[in-house]
Amino acid sequence: MAAEPAPERPPIPPAVPPALVFLHRATARLAEADDPAAAARRLCAELVPHLADAALVHLADPPGPACRPPGGHHRAAALSTGAPGTPDPAAHLAAVVAGPSPGTRTGDQDGGRNTGPGTHALAVPLEARGRRVGGAVLTRGPARPPFDGADALVAGQLAAVAALTVHHAHVELAHEAVTEVVRQSLRPVPPPPLPGVDLAHRYRPGDQRMLVGGDWFDVIPLSGCRVALVVGDVMGHGLEAAAIMAQLRTSVQTLAALELPPDQVLRSLDDIARRLADDSITTCLYAVYDPVVRRCSIASAGHLPPVLVRRDGTAELLDPGPSTGLPIGLGRPPIETTEIAAEDGCTLVLYTDGLVECRGGDIGDRLERLRATAAAADGPLEKTCDALMAQAAGTEDDVTLLMARFRGIPSEHVAGWFLEPHNRTPGQVRALVRRTLREWGLERLSGRVEAAAGELVANACRHATRLVSVRLVLTDVVLFEVGDDDHRLPVLRSPGDLDESGRGLHVVAGLAERWGSTRVAGGKTVWFTCAV
């Protein structure tokens with residue numbers, strides 16, 4: 001649609017003095033400047049040669065580091081007629097840069113003050129809303145008369161209009177800086193490299209002004225080398241949907257840290273969503289992949305089915321369960337967790353409806369097209385992502401795509417044992433750890449890992465009533481886990497001088513890179529990692 005032409009200004013009566021005509025037209029041109037640099041250039045162009053033979057306009061930094069322009073600390077524009085003998089305006093710049101504070105008078109003349117010999121230089125501050133945003137220096141050559149009061153008034157009027165333009169531009173820059181910070185905090189971030197899985201993703205918001213929407217994805221590392229894959233879609237567009245999305249996304253990350261099963265995560269998310277907004281409706285799919293046992297648990301709340309592409313090139317739309325029709329926000333949706341085999345080389349495709357929905361098209365046909373495209377794609381995940389995103393060309397909805405190719409952790413990098421809980425067990429575990437690390441060529445870590453492992457196993461044997469499980473996993477770190485049937489999680493406390501217990505976790509925290517504990521079915525697991 002063509003832009004409407006700017007309205008024509010009414011003609012100026014011929015009886016109006018030329019000085020007023022100049023001031024009227026110059027003011028209108030300055031008011032149309034759309035950024036500080038343009039305002040500085042236009043002010044110079046209006047001052048030269050009508051009022052001066054040379055002019056220099058200096059702009060101060062915008063307030064706040066977030067909206068400062070790239071490059072130098074100050075910006076300036078200069079213009080000169082080249083008249084012989086014209087003083088250099090830069091020599092008088094200090095008169096406005098380091099002059100009186102805003103709101104004080106600069107001399108006997110309103111709007112500017114004379115500087116230099118022969119009053120052939122005029123300094124004019126640029127002030128708006130009580131703040132100095134810059135200044136202008138005007139100079140004349142000896143062929144022209146010195147500046148007088150009328151010249152100072154005209155220069156001051158033009159400087160005031162330019163200062164307002166600069167001020168409003170600074171305010172807009174500040175708003176844009178705040179908006180950008182909010183926008184970046186809402187956009188999904190690239191997932192970190194994780195052991196046992198390759199990842200690729202795409203995110204394209206429907207609102208090209210805000211560049212954020214209600215769609216999101218997350219890749220959340222869990223204990224035991226597991227990883228949670230999340231894709232969600234808040235109904236709606238723009239900032240309101242993005243605000244709800246950000247709160248739900250934070251909630252999912254918090255629930256994932258509790259190591260809850262996928263169905264419990266989504267049910268808890270439903271309670272949170274109904275407290276955030278009564279009319280908010282969200283679909284979400286939550287999957288947990290375990291690269292050691294090569295299984296994937298999936299739960300869905302009204303979300304479109306994921307696609308599983310197998311190693312032989314076949315692909316299928318997964319049905320995460322019979323009770324996945326109700327989205328989050330409608331109150332206690334029935335959600336079930338479905339577990340599938342995740343063989344090495346398989347690829348799981350998670351997406352939002354923007355990838356497959358189009359106005360007037362059948363959703364079943366679009367899902368079949370997605371499945372066929374994912375099955376036919378060959379090569380790197382990034383190439384497959386591009387092929388799938390091509391299906392969403394022209395859509396106005398948010399589009400999110402997350403692909404995970406399962407690689408698993410080699411069996412030779414996993415060692416596990418079940419041991420009776422007695423006083424000799426910590427020593428047996430230290431010997432097993434020493435032997436395993438020697439087989440992996442990591443003898444240098446034996447001292448740290450053995451000491452920390454012995455402390456955790458001793459604590460587990462103290463509380464366990466059944467067999468204690470021990471596992472050692474090698475990825476980019478060495479992971480040690482011990483499990484027992486006691487649901488009470490260990491807490492790191494500062495022991496007193498006379499306490500005989502409570503120091504084991506301090507030893508583990510000092511030796512390990514990270515440590516933690518997780519409730520599991522039948523008890524708990526306590527773990528730590530050491531960098532390789």
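This is a short tour of a predicted model, with three stops to select in your viewer.

**Stop one: a hairpin.** Select residues 215-221, which make up strand β7; 6 of its 7 residues are buried. Now add residues 227-234, strand β8, which pairs with β7 in the antiparallel sense over 7 bridges. To see the register, pick Val-219: its bridge partner in β8 is Leu-229. The two strands form a hairpin with 5 residues between them. Pause in the turn at Gly-224, where phi is positive, about 70 degrees.

**Stop two: a helix pair.** Next, show helix α2 (residues 36-47) together with helix α4 (residues 149-186). Their axes lie 9 Å apart and the packing angle is about 170 degrees. Angles over 145 degrees count as roughly antiparallel, and α2 and α4 are therefore roughly antiparallel to each other. Turn on side chains for the contact: from α2, residues including Ala-39, Leu-43 and Leu-47 meet a set in α4, among them Leu-158, Ala-162 and Val-166. By class, the residues of this contact are 10 nonpolar, 2 polar and 1 charged.

**Stop three: a sheet and its helices.** Finally, select the open sheet of 5 strands, ordered β16-β17-β18-β20-β19 with antiparallel pairing. At the edges you will find β16 (414-419) and β19 (514-520), each pairing on one side only. Look along the sheet for the twist, which averages 15 degrees from one strand to the next. Zoom in on β18 (residues 477-484) and β20 (residues 523-531), joined by 8 bridges; Leu-479 has Thr-529 in β20 as its bridge partner. Then add helix α9 (residues 425-439), lying across β16, β17 and β18 and running at about 165 degrees to β16. Helix α10 (residues 446-463) also packs on the sheet, where it touches β17, β18 and β20.

Technical notes:
Residues numbered from 1 in each chain as written. Predicted model: local features only at pLDDT ≥ 70, side-chain atom pairs only at ≥ 80, totals over all residues. Heavy atoms only, no water. Buried < 20%, exposed > 50% of the residue type's maximum accessible area, 1.4 Å probe, protein only. Helix = DSSP H or I, 4+ residues; strand = E, 2+ residues; numbered from the N terminus. Pairing = 2+ DSSP bridges. Axes fitted to C-alpha atoms, helices over the stretch in contact; angles between N-to-C directions. Parallel < 35°, antiparallel > 145°, perpendicular 65-115°, else oblique. Contact = heavy atoms within 4.5 Å. Nonpolar A, V, L, I, M, F, W, Y, C, P; charged D, E, K, R; others polar.
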